[in-house]
Amino acid sequence: MEIYLDANATTAVLPAAQQAALAVMADSFGNPSSIHASGLRARAVVDRVRASARRVLDAPAGQLFFTSGATEGIQTSVLSALCELRGRRDAGETAAQALLYGATEHKAVPQALHHWSALLGLDLPVLPIPVDRTGRHDLDWLRRNAPTAGLVCTMAANNETGVVSDLDAIAEILRASPALWLVDGVQALGKLPLKLAERGIDYAPFSGHKFHAPKGIGLLYVREGAPFTPLLTGGGQEGGLRGGTENIAGIAALGAVLYAMEAGGVFQTPALLAAHRDLLVQALRESFPGLVFNAGDAPCLPTTLNFSVRGVSSKLLLDLFDAADIRVSGGSACSAAKAEPSYVLQAMGLDAWQGQAAVRLSFGALDSPEFIAAACARLRQCGEVLRARGLGSAAPAKACDQPLPGHDAQGSFAAACKDAFLPASDAEKCALEIDCEAAVELHRQGQVLWVDVREGYERDVQAQTGLLKDARAVPLSSLDSALPGWLALAPQVPVVFYCRSGNRSAQAARALRRLGHACAWSLAGGLAMWSEPELQRVADAAAH
Ligand code: PLP
């Protein structure tokens, strides 16, 4: 069973939402702008879902309309606010001096601020509001800067750490400021009451796919009286707020999620989510002795755990978890050679090792107690494997300040192959890859040497049944010692490398080819893309 613990990236679509989307595509496919019966049925779907959204978000007043997702909602909000600021400036009113955003906002926010400020000729400074070590906004800084700000953007809850912003305190500060206020509500939907009206929030974007609706549907709330400029203009849909024929299937699916929230009994209660969190915390602590939680004791969404294991890079943990069929996110953007720490954790001023080792585990409001129990058991299994291989135990601080490499960080293979590591063109990469059919064909032609270049700890936890069990196990980090043997093979003997995603195996195949053995291949997409029947076909071909 796949243990999907990456709900902050996206969530599974609620079965009722899938059915609702299919049903409108079959029965209410009309254009909501048409005045005949088909159009009226589609219009009724849109109206019903909007009414439900108003109840769920407690937003009886103001504008609430459907978008393609939060990125669009953010653009629309920023464009609206900045057009207003430009109008105020042109009218000779006191001009805003800066645009402010929380240093840990989703990238869509600062990107939109820079983009629209430049495009509208405002060219205002775009300043990050500092956060403390637990990721919470520096409210004194905000108090000092709010009086001259034009727009303030503060997310309700952070997608990487789950840290919840103090929106009441921010509302209090902004009450005396002319600044408009954007609150990214994406991670809060269904988890936190936003009190949009009470707090005087001007703009709040939401995204369906973060809470069990499909991708491509979202919502934007705009306070009654807040400035508004449409991002998309066209046929006057959504009361002229957003042109373009409505995404009825997406709206219907979002509706099914909203109805389930209203009805109760589908999503887990806050108490159960907290219990799930406690179980996962306990399992993580017991499994990984050097573990710290990166948000410290800040108030957090119960569903998000961001942690670092002293001495173990996020790349290593991600590979290990993925091999064990546990899906999580790295808190950093990793490549084999280099791990870029997350800007969120950097803004929090965490130690470098925490940034390089960060992992985000986020579970969902649909996850059952049985699922969480299975997740805990799988995490414990991963911990055992790491300990058995002498990794991830709380070693002396000095030795562990640099996380252990994911793979080949010492570059031993790279050093041995030097020129073989010159970048490959896309065509070269394509030419290296083989699919199931090609692998079977290779076996028909004769002997094939399979090489699993994953690390030993990945094989230890692998969920796949090991159909390629005759493969040689040579991790990329020690490939250099095996290269001479393969170079001595007859030229026509194929060497097929495989790994989890196809990246390491492509690296290995490319190097072997460049060193002189032309018959080197990489399994396209890695084990992640191969189904058990496909692997079985290859194993059968190998057996004959
Ligand atoms: N804001 C936050 C906090 C997010 O987590 C995300 C998605 O990762 C977005 C905005 C962008 O949302 P969408 O994918 O709907 O454009």
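Ser 314, Lys 315, Leu 316, Leu 317, Asp 319, Leu 320, Phe 321, Asp 322 and Ala 323 are the buried residues of helix α10. The model described here is a predicted one. Helix α10 covers residues 314–323, and because 9 of its 10 residues are buried, the helix is largely enclosed by the rest of the structure. The buried set includes Lys 315, Asp 319 and Asp 322, and these residue types count as charged. Just after α10, Asp 325 has a positive phi of about 65 degrees.

**Two helix pairs**

Helix α3 (residues 70–90) packs against helix α4 (residues 108–119) at an angle of about 40 degrees, and their axes are 9 Å apart. That angle makes α3 oblique to α4. The crossing of α3 over α4 is right-handed. On the α3 side, the contact is made by Thr 71, Ile 74, Gln 75, Val 78, Leu 79 and Leu 82. On the α4 side, the partners are Ala 108, Val 109, Ala 112, Leu 113, Trp 116 and Ser 117. These contact residues comprise 9 nonpolar and 3 polar ones, with no charged residue.

Helix α2 (residues 37–56) and helix α8 (residues 248–263) form another pair, with axes that come within 9 Å and cross at roughly 40 degrees. This makes α2 oblique to α8. Here the crossing is left-handed. From α2, the contact uses Ala 42, Val 45, Val 46, Arg 48, Val 49, Ser 52, Ala 53, Arg 55 and Val 56. From α8, it uses Ile 248, Ile 251, Ala 252, Leu 254, Gly 255, Leu 258, Tyr 259, Met 261 and Glu 262. By type, the residues of this contact are 13 nonpolar, 2 polar and 3 charged.

**Three buried residues**

The table lists three single residues with their places and relative accessibilities.

| Residue | Place | Relative accessibility |
|---|---|---|
| Arg 199 | helix α7 (residues 196–199) | 12% |
| His 443 | helix α17 (residues 436–445) | 12% |
| Leu 124 | loop between α4 and β4 (126–129) | 14% |

Buried means under 20% relative accessible area. Arg 199, at 12%, therefore counts as buried. The side chain of Arg 199 makes a polar contact of 2.9 Å with the side chain of Asp 168. Apart from neighbours within four places in sequence, Arg 199 is in contact with Leu 167, Asp 168, Ala 171, Trp 181, Pro 193 and Leu 194. Asp 168 thus appears both in this contact list and as the polar partner of Arg 199.

His 443 counts as buried because its relative accessibility is 12%. A polar contact of 2.8 Å links the side chain of His 443 to that of Trp 450. When residues up to four places away in sequence are not counted, His 443 touches Val 448, Trp 450, Val 538, Ala 541 and Ala 542.

Leu 124 sits in the loop that follows α4 and leads to β4. At 14% relative accessibility, Leu 124 is counted as buried too. Its contacts, leaving aside neighbours within four places in sequence, are Leu 85, Ala 96, Gln 97, Ala 98, Leu 99 and Ser 117. Of these, Ser 117 also belongs to the α4 side of the contact with α3. The C-alpha atom of Leu 124 is separated by 22 Å from that of Ile 170, a residue 46 positions apart from it along the chain.

Terms used:
Residues are numbered from 1 along each chain as its sequence is written. This is a predicted model: local features need pLDDT of at least 70, side-chain atom pairs count only at pLDDT 80 or more; totals for chains, interfaces and linings use all residues. Side-chain values use heavy atoms; hydrogens and water are left out. Axes are lines fitted to C-alpha atoms, for helices over the stretch in contact, and angles run from 0 to 180 degrees between N-to-C directions. Helices (H or I, at least four residues) and strands (E, at least two) are DSSP runs, numbered from the N terminus. Angles under 35 degrees count as roughly parallel, over 145 as roughly antiparallel, 65 to 115 as roughly perpendicular and the rest as oblique. A crossing is left-handed if the near helix is turned anticlockwise from the far one by less than a right angle, and right-handed if clockwise. Contact means heavy atoms within 4.5 Å. Buried means under 20% relative accessible area, exposed over 50%, partly exposed in between (1.4 Å probe, protein chains only). A polar contact is a pair of N or O atoms within 3.5 Å; within protein, one must be able to donate a hydrogen and the other to accept it, and residues adjacent in sequence count only if both atoms are side-chain atoms.
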